[in-house]
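User: I am new to this structure and would like a close look at a single part, the aromatic rings and how they pair up. Could you take me through them in a connected way, and then place them beside a few other local features?

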Amino acid sequence: MNNPNFASHEVVGRDDRRELFDDRDSSNYSFAIDLERYWHEAVGLKYWLAGLITLGVLTGIFITLLATPLYQASARLEVSQVTADVTNLDSLEVDSKVSELQYLNTQYELLVSRFMAKRVMDAGNLTRDEAFLEAFGIEEEEPQVRSIQTILFENVGISPISQSSLVDVTFSSPDPAVSAEITNLWVREFVTANYEKRFGANIEARDFLQSQIAELRERLSDSERELVEYANANEILVLNSGGETGSESAGQTLVGADLQALNMALAAAVADRVSAQAAVVGGNFPSGDPRNQLLTNLSEAEAELAVLRANFGPEYPEVQEKQAEVNSLRSAISGGARGLLDSARIREAELRDQVEQVKQRFLSQQGQGISYGILKREVDTNREIYDALLQRFKELEASGAGQNNIQIIDEADVPAEPYAPSLIQNVLISLLASLMMAGGLVYLKVALSQTLQDPEDVRRRLHLALLGAIPRNTEGAMIDRITERSSHINEAYTTVRTNMNFLTPQGAPEVLMFTSSVPSEGKSISSVGVATSFAQLGKRVLLIDADLRNSKLRDTLELHDYDKGGLVPLLANQQTDMASQIIHLEDFGFDFLPMGRTPPNPVELLAGDRFSQIIEAARSQYDQVLIDGAPMLALADAIEMSKAVDGVIFVIQTERIKLRGIENALGRLQRSGAKVYGAIVTKVSQNNSAYGYGYGYGYGYGYGYGYGEERDAEPA
């Protein structure tokens, strides 16, 4: 080989022999090849894409020049979550315990709500504002309220400042003065609305409490008056109320106090009588009683009397004197105890009489005390409610001095320059849009053109070994390029032959059939090219024309005189000597078995055993037998022939048949049990060279190569 490119291609075929047999998906580089295909399609559509992008940029410029200038005014608010309250009193509505972020987001939504649009419209009387109506082109005769609210809502915007409680409020309009006026009106109304929301309820509550306090004051006065009248009518004198006992009684009255005092005095008298009785019986007196000294003197006198009586006897004068002293002390002690006991008994009896009398009087007032307690409880309840409402009223009056948590920081000034339309922004947007449309156009082109563009799709999509890629021919007749050893076509088929030698460990299969999805994909010319290449190696090669429906080899090889004998008579058993039907083509170096006349029943001829017998006879006489079979289409010719051959070589033309159609044809072959060894991609053009399959010899890849010579000039 003189061509270094083809030499390297053959080397690749030898080094990557395993890839030819594995039929594996080349997923490692499919993504890169897909991008390459999109890039290739973009290059092919470069003028359309350039025009589309230019049109988009011009559209952006045109829109910018025709657009009405808009002026935007901006004011700044501070939104604080916690309200400063100088009275340190809670407002009527307790603040929700929400996070600061939730609170700020709520205020932002309220700031651009339709509620604010309606409030601003009413506050500014925009239905009668000539400047506003003229700026937005609204007819002054019958301005639509809803349309004005929509305009306000669509042209207002907010821009919260991150990491702060500040927010910028903007409004856009064709009039700079209107923009500033509406912006300031908007922020003022929002501040006012927030203040009314926080403290407006306090005013209503104060009015309500005032009416309730007046009503309760009358009720309290009536209940107190009724209580006093009842106490006077029943002569109930209350010394103190029931306190917190909660009993429905009058508390401690005067009679009750007397009964309590007499009862205590009676208890003391009983204690004195018991003490006096104990003194009479046992001679015991209380510790503070003076008679205890008499008892002490009596004990001492009795002791002295005992000593004297023991020493001098009972008749001794001193003994008798001491005896008289002892008797005198005993008499004094005994008489005093009885007198004390009698006095205690009299006092106790008198106190019991008085207690019984006061007790009867207290019992007579017992029922009256219950009624008095009920009236007293009503008075206390009314007074408590009255005091609570009065205290709450005072708190609400004090809380009215609370500060608003939303304040205006900067008011809007009249803008000096329009902010829109922006030429740079519109050009960038139009450029981006046109680029997206251009990308969509390229994607649509690739998606709609599901033909084989990249020869590598044979491995990636069809899972077949790629035996070779044949370039388009633009240098005369295709058949001449095959026989010319220095031509690119000849070297391309040499590459195919080399790769076919690696299909099996023994080399190329002896009997191979060439087929394709549809006619005119280069099947016949490829069989001639491969047969010529094998013959150039010195092998005995037989090429059989088995396309019994539409033979192209006869015209391609210019064998018009051989239409009587050939394969058809052999299949019909009209001729039994195959050698007599074979033609040796000296220019190509191989033998050729023509088809003969077109039979009326191709499938029946191929379905019998005769075709297999012919193939076996050819196998015994030749080193390589190649069969130009019929295309798949919806016919069974190729399927019947595949049963008699060692394998099938599938021929695919680039940019013609949908990959799904090729997959269906291959599926039919494989389901019938045929061995598909690989594929040959034909008519590879300069477009396909972007995928790495160009031959680099400086000639153009035109569209003149067809199915035989009669299709050399037919466009793709």
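Analyst: What follows begins with the aromatic rings and then turns to a surface patch and some helices.

Please keep in mind that this is a predicted model. A pair of aromatic rings is described by the distance of the centres and the angle of the planes, and with that description in hand the rings can be taken in turn. The structure holds three aromatic pairs. One of them joins Phe132 and Phe136, whose ring centres are 5.0 Å apart and whose planes meet at 50°, which makes this a tilted pair. Another is made by Phe588 and Phe590, and it is tilted as well because the planes stand at 40°, between the limits of 30 and 60 degrees, while the ring centres lie 5.6 Å apart.

Beyond the pairing itself, Phe132 belongs to a cluster in which ring pairs link it with Phe136 and Phe171. Are the partners in these pairs buried or exposed? Phe132 has a relative accessible area of 0%, so it is buried, and Phe590, also with a value of 0%, is buried too. Phe588 has 12% relative accessibility, and because the cut-off for buried is under 20%, Phe588 also counts as buried.

A further ring has a charged side chain for company, since Arg114 lies over the face of Phe153, 4.5 Å from the centre of the ring. Arg114 is also the residue at which helix α6 begins, for this helix covers residues 114-124. Within α6, the residues Met116, Ala117, Arg119, Val120 and Met121 are buried, and just after the helix Asn125 takes a positive phi of about 50°.

On the surface, by contrast, there is a nonpolar patch formed by Leu58, Ile61, Leu65 and Leu423, which together have about 390 Å² of accessible area. Helix α4, residues 46-66, gives the most to this patch, with three residues. Ile61 lies in that helix, α4, and at 31% relative accessibility Ile61 counts as partly exposed, because that value falls between 20% and 50%.

Helix α17, which runs over residues 488-500, offers a last point of comparison. This helix is mostly covered, with 13 of its 13 residues buried. At 1.5 Å a residue, its 13 residues should span 18 Å, and the C-alpha atoms at its ends are 18 Å apart, so the expected span and the distance in the model agree.

Key. Residues are numbered from 1 along each chain as its sequence is written. This is a predicted model: local features need pLDDT of at least 70, side-chain atom pairs count only at pLDDT 80 or more; totals for chains, interfaces and linings use all residues. Side-chain values use heavy atoms; hydrogens and water are left out. Rings of Phe, Tyr and Trp (its six-membered ring) pair if their centres lie within 6.5 Å; planes under 30 degrees apart count as stacked, over 60 as edge-to-face and the rest as tilted. Buried means under 20% relative accessible area, exposed over 50%, partly exposed in between (1.4 Å probe, protein chains only). A charge sits over a ring if NZ of Lys or CZ of Arg is within 6 Å of the ring centre and within 35 degrees of the ring normal. Patches are made of residues with over 30% relative accessible area and no salt bridge: like charges are joined within 9 Å, nonpolar side chains (Val, Leu, Ile, Met, Phe, Trp, Tyr) within 5 Å. Accessible areas come from the Shrake-Rupley method with a 1.4 Å probe; for residues, only the protein chains shown count as cover. A salt bridge is a side-chain nitrogen of Lys or Arg within 4 Å of a carboxyl oxygen of Asp or Glu. Helices (H or I, at least four residues) and strands (E, at least two) are DSSP runs, numbered from the N terminus. The expected span of a helix is 1.5 Å times one less than its number of residues.
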